[in-house]
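Here is a short note to help you find your way around a structure that may be new to you. Please keep the view open while you read, and stop at each point to look.

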Amino acid sequence: MSTATEHQTRQQAIAAGTMPAVTMDFDERAEAVARTLRDDKVLAVFRHAVQHIDRDRLRTIQDKYRRRAEEEDRIFGLKYLDFAHVLAKMARTAVQLGLHEGPARRILDIGAGGGHLAFIARLYGHAARITDLPWETFDDAAWVLGFEVVHHASMVNDPVPLDGPFDLVTLTGVKLDTVYFGQDPYYWDGNDWQAFLSHLAPKVAKGGRIHLKLNKGGHARANIQRFAEMGAAADVAALTATFTLDGQPAWHDLNACNPMLAGPEVSIHPRPS
């Protein structure tokens with residue numbers, strides 16, 4: 001089979017969803033993703049990040065997951081190994097938060113997966129730490145990016161095991177607001193988030209920010225509306241909210257949440273996505 005035919009067959013397989021992107025040549029995948037980016041600033045941040053990916057480490061991880069990715073229907077966290085796709089998403093977030101410009105900041109990314117946003121932040125001179133659950137795919141992605149995941153299951157009364165202070169705390173697409181009592185899902189409401197943010201706020205520097213992007217479902221839209229009422233700059237349609245803190249916020253309430261969330265019967269069961 002000629003090189004051109006191989007390329008065409010590979011592209012057809014990708015388009016049909018029969019070849020996971022994690023097995024693709026990274027530079028080929030990155031160029032395909034770049035063509036979908038319409039914002040010049042986002043594209044510039046994305047290309048800067050792509051340029052700094054350690055190809056040797058990435059190939060090591062691709063080889064590790066190649067057979068699993070092609071034979072298994074679902075591997076939890078596999079999406080984080082599609083570096084081009086995730087870097088593009090995080091490039092948008094980085095530009096939204098102004099991480100591509102301005103002074104160096106101390107950043108904490110909670111529920112960071114492999115640390116793609118933190119990777120971009122570090123390229124622009126920021127100091128970043130990342131936390132997430134102890135999943136192999138998260139750790140492997142972080143290794144490619146030169147990070148170590150601080151393993152922690154963030155709970156309402158225990159957001160992170162790090163003291164700070166941080167100039168920016170980010171939670172983008174996290175699932176910590178879905179917990180389980182047995183097999184039944186419980187979705188955090190505004191009171192639960194209020195308690196979580198109250199525990200998190202002391203770790204944020206004066207004038208610092210907490211940025212959230214919630215997943216769809218549960219009480220997401222109502223929670224974003226609640227954040228707006230608490231003083232955040234919020235976008236209900238985008239499910240995003242950003243708090244700017246200057247001392248203890250007026251909404252500070254460590255005990256606002258459902259008391260059961262602090263009990264031993266609550267557990268986190270991440271679901272594949």
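The points below go from the whole chain to its cores, and then to single places worth a look.

1. **What you are looking at.** Please keep in mind that this is a predicted model. The chain has 273 residues, and 49% of them count as buried. Its secondary structure comes to nine helices and 10 strands.

2. **Surface and contacts.** The chain has an accessible surface of about 13200 Å², and carbon and sulfur atoms hold 49% of that area. Among contacts with a separation of 6 or more, 68% are between residues 24 or more positions apart.

3. **The largest nonpolar core.** Which residues have the most contacts inside the largest nonpolar core? They are Phe46 and Phe83, in a core of 44 residues. Several elements give two or more residues to this core, including helix H2 (26-34), helix H3 (40-51), helix H4 (55-71), strand S2 (127-132) and helix H7 (136-145). Helix H5 gives the most, with nine residues.

4. **Phe83 and its partners.** Try selecting Phe83 and showing what surrounds it. Apart from neighbours within four places in sequence, Phe83 is in contact with Phe26, Ile53, Leu58, His116, Ala141, Val144 and Leu145. Of these partners, Ala141, Val144 and Leu145 are also among the buried residues of H7.

5. **Helix H7.** Is H7 largely enclosed or largely open? It is largely enclosed by the rest of the structure, because seven of its 10 residues are buried. The buried residues are Thr137, Phe138, Asp140, Ala141, Ala142, Val144 and Leu145. After H7 comes Gly146, with a positive phi near 80°.

6. **A second core.** There is also a second nonpolar core, separate from the one above, with 38 residues. Leu162, Trp193, Leu212 and Phe243 are included in it. Two of these names, Trp193 and Phe243, come back in the aromatic cluster below.

7. **The aromatic cluster.** The structure holds seven aromatic pairs. The ring centres of Trp188 and Phe196 lie 5.3 Å apart with the planes at 50°, so this pair is tilted. Trp193 and Phe196 have ring centres 5.4 Å apart and planes at 85°, so that pair is edge-to-face. Trp188 and Phe196 are both buried, and Trp193 is buried as well. Together with Phe227, Phe243 and Trp251, these residues form one aromatic cluster.

8. **One turn of helix H8.** Why are Trp193 and Phe196 separated by about one helical turn? They are three residues apart in helix H8 (residues 190-200), and therefore about one turn lies between them.

9. **Helix H9, inside and outside.** Helix H9 covers residues 220-229 and holds Asn223. Glu229 is found in H9 too. Is Asn223 buried or exposed? Asn223 is buried, because its relative accessible area is 2%, under the 20% cut-off. Glu229 is exposed, because its relative accessible area is 68%, over the 50% cut-off. Beyond residues up to four places away in sequence, Asn223 touches Trp188, Asp189, Gly190, Trp193 and Leu214. Two of those, Trp188 and Trp193, belong to the aromatic cluster. Glu229 and Trp251 are 22 residues apart in sequence, with their C-alpha atoms 9.7 Å apart in space.

10. **The hairpin of S5 and S6.** Strand S5 (residues 178-181) pairs with strand S6 (residues 184-187) in the antiparallel sense, over four bridges. Opposite Thr178 you will find Tyr187 in S6. Two residues lie between the strands of this hairpin, where Gly182 takes a positive phi near 70°.

11. **Two backbone details in loops.** Gly164 and Pro165 are joined by a cis peptide bond, with omega about 5°. Pro165 is in the loop between strand S3 (150-151) and strand S4 (166-174). Leu239 is not a glycine, yet its phi is positive, about 60°. The place of Leu239 is the loop between strand S8 (233-235) and strand S9 (240-244). Leu239 is buried, because its relative accessible area is 7%, under the 20% cut-off.

Notes: Residues are numbered from 1 along each chain as its sequence is written. This is a predicted model: local features need pLDDT of at least 70, side-chain atom pairs count only at pLDDT 80 or more; totals for chains, interfaces and linings use all residues. Side-chain values use heavy atoms; hydrogens and water are left out. Buried means under 20% relative accessible area, exposed over 50%, partly exposed in between (1.4 Å probe, protein chains only). Contact means heavy atoms within 4.5 Å. Two strands pair if DSSP finds at least two bridges between them. Accessible areas come from the Shrake-Rupley method with a 1.4 Å probe; for residues, only the protein chains shown count as cover. A nonpolar core is a set of buried Ala, Val, Leu, Ile, Met, Phe, Trp, Tyr and Cys residues joined through side-chain atoms within 4.5 Å. Rings of Phe, Tyr and Trp (its six-membered ring) pair if their centres lie within 6.5 Å; planes under 30 degrees apart count as stacked, over 60 as edge-to-face and the rest as tilted.
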